[in-house]
Every structure is written in structure tokens, then in C-alpha cells.
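Please find my note on this model below. It deals with the sheet, the helices packed on it and the cysteines.

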Amino acid sequence: MLKGDNVNLRMMEKNDIPLTHQWHNNLEVSGLYNGVHQYTQTKAEQHFTEAESDPQNTRHSFLIELKDGTKVGSIGAWKDRSGYYTMGASILPEFRRQGYCSEATMLMIDYLFLSDIIERVQALANVDNVGSRKTLQKAGLKEEGVLRKFAFVYGKWCDFVMLSILREEWNHPRVLKLPKN
Ligand SMILES: CC(C)(COP(=O)(O)OP(=O)(O)OC[C@H]1O[C@@H](n2cnc3c(N)ncnc32)[C@H](O)[C@@H]1OP(=O)(O)O)[C@@H](O)C(=O)NCCC(=O)NCCS
């Protein structure tokens with residue numbers, strides 16, 4: 001469990017899939033992130049099992065929980081062959097605008113830089129996704145440029161902004177609570 005001030009990140013388990021799968025297929029929850037794509041729970045379980053048994057798997061998937069255990073969303077990061085991580089997150093509509101995603105994003109960044117020798121963590125936001133861009137900036141990522149017609153979302157090709165944070169900019173854990181000596 002990764003503990004922050006207001007939220008914790010708990011690694012996703014197989015028995016979380018019915019819930020997260022429901023969230024993924026709900027357009028209100030995924031917003032401008034996943035678009036209209038739907039998939040079956042069977043497929044989600046298959047992906048999970050394959051990833052768990054793959055020694056090369058680099059995906060880290062967490063549930064975002066409040067201190068009382070309320071599940072408010074999910075966050076994930078996966079490593080590219082070039083050695084950087086890309087992350088994405090979503091928060092249930094009723095829990096938005098309370099700082100949960102920016103804190104979860106900072107926790108994830110702390111975790112990735114503390115657990116792996118990587119130099120870069122990045123994220124992509126639909127140019128129209130003001131909430132995502134602001135959240136990522138609040139967590140310390142910088143906008144680098146626009147990828148034109150990068151993804152097909154809700155029936156049209158959309159531009160996406162690339163954001164990143166480098167190890168030298170991160171510098172030290174900002175939210176993750178570490179054990180005291
Ligand atoms: C984008 C999303 C994850 C933000 O989660 P959140 O928990 O509401 O974000 P936070 O509360 O940490 O907000 C961080 C900042 O962004 C601002 N913000 C959040 N949503 C916003 C919106 N829709 N419009 C304008 N500003 C917004 C907040 O006001 C806050 O800024 P402030 O501290 O200056 O007030 C959430 O809206 C969501 O799940 N959207 C659908 C999925 C998605 O788009 N994921 C992003 C993929 S990278």
C-alpha cells in the first residue's frame with residue numbers, strides 16, 4: 001500500500017476486476033480518456049492473468065482509495081522498451097475536483113522514481129481535457145508539445161498534449177510516506 005495524505009494507492013487484485021471493468025465501460029468515468037471503447041470482463045480477466053504470469057510485465061495498476069477505504073478511481077503506469085513510463089488515471093465523477101487525482105499522480109511518480117532507475121515519466125492528455133492537463137501540471141509534469149491527430153476518440157481524430165517529468169525535476173518524494181529510521 002502506498003500512503004499519501006488523503007489517498008492511498010492499493011495494487012489491483014483479480015477480485016477488483018468486476019468493479020474496475022464496470023468503471024472502464026462507463027463513459028462518464030472514462031471521459032475523454034478511453035473514449036467509447038467497451039470490452040468484456042472475460043477479456044479484462046485474461047489480460048490481468050497474462051500480465052501477472054509474464055516476467056517481463058512492467059504494468060503497475062492501482063486502485064485509488066480514501067483513508068476509510070472508499071474506492072474513488074484507478075491509476076496505472078506501464079514501461080516502454082525505451083525505458084520510460086506512461087501513466088493514466090480516472091476518478092469517479094462524484095469524487096472529482098477534490099485533489100484526489102493530483103495526489104494519486106504524485107504518489108505514482110514518487111513510486112516509479114523510487115522503485116526504478118528511469119529518468120522520465122510521461123502522460124498524454126486530449127487537448128480538450130482541461131481537467132487532465134491541469135491535474136498533470138499540478139503533479140509537476142510539463143507540457144512538451146502537441147501530437148496532432150494522435151487518437152481516434154468519439155468519432156474524430158484528436159490532438160493530444162505530451163507532458164512529462166524528469167528525475168532531476170522530481171528530485172525527492174513529495175507525497176509518499178516512507179518509513180522513518
Ligand atoms: C481528469 C481527472 C482524472 C481529474 O481528477 P480530479 O481528482 O478531479 O483532479 P484534481 O481534483 O486533483 O484536480 C487538479 C486540478 O485540476 C483542476 N481540474 C480538475 N478537473 C477540472 C475540470 N474539469 N476543469 C477545469 N479544471 C479542472 C482542479 O480544479 C485542480 O486545480 P486547482 O488545484 O488549481 O483547483 C478526472 O476529471 C477524470 O477522471 N476524468 C476522466 C478520465 C480522464 O480524463 N483521465 C485523464 C487521463 S490522463
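The points below go through the strands, then the helices, then the cysteines.

1. The model is predicted, and what follows should be read as a description of that prediction.

2. The overall arrangement is an open sheet of eight strands with mixed pairing. The strand order is β1-β2-β3-β4-β5-β6-β8-β7. Because β1 and β7 (142-153) each have a single partner strand, they stand at the edges, and one side of each has no neighbour in the sheet.

3. At the β1 edge, strand β1 (residues 2-3) runs antiparallel to strand β2 (residues 7-11), and two bridges join them. Three residues lie between β1 and β2, and the two strands form a hairpin. Within this pair, L2 is placed opposite L9 of β2.

4. Strand β2 also pairs with strand β3 (residues 60-66), again antiparallel, through five bridges. One position to check in the viewer is N8, whose bridge partner in β3 is E65.

5. Further along the sheet there is a parallel pair: strand β5 (residues 85-91) is joined to strand β6 (residues 120-126) by three bridges. Here M87 has A123 of β6 as its bridge partner.

6. Helix α5 (residues 130-138) packs on the sheet and touches β5, β6, β7 and β8. The direction of α5 makes about 160° with that of β6.

7. Helix α2 (residues 27-34) lies across β4 (71-79), β5, β6, β7 and β8 (156-166). Relative to β5, helix α2 runs at about 150°.

8. How many disulfides does the model contain? The count comes to zero. C101 is in no disulfide, and the nearest cysteine sulfur, which belongs to C158, is 20 Å away. A disulfide is a covalent bond between the sulfur atoms of two cysteines. For C158, the closest cysteine sulfur is that of C101, and the 20 Å between them is too far for a bond; the cut-off applied to a pair of cysteine sulfur atoms is 2.5 Å.

9. Are these two cysteines buried or exposed? C101 has a relative accessible area of 19% and is therefore buried, the limit for that class being under 20%. C158 is buried too, with a relative accessible area of 7%.

10. In short, a reader going through the model can start from the eight-stranded open sheet, follow the hairpin of β1 and β2 at one end of the strand order, and then look at α2 lying across β4 to β8 and α5 packing on the sheet. The cysteines C101 and C158 can be taken last, as buried residues in a model with zero disulfides.

Conventions
Residues numbered from 1 in each chain as written. Predicted model: local features only at pLDDT ≥ 70, side-chain atom pairs only at ≥ 80, totals over all residues. Heavy atoms only, no water. Pairing = 2+ DSSP bridges. Helix = DSSP H or I, 4+ residues; strand = E, 2+ residues; numbered from the N terminus. Buried < 20%, exposed > 50% of the residue type's maximum accessible area, 1.4 Å probe, protein only. Contact = heavy atoms within 4.5 Å. Axes fitted to C-alpha atoms, helices over the stretch in contact; angles between N-to-C directions.
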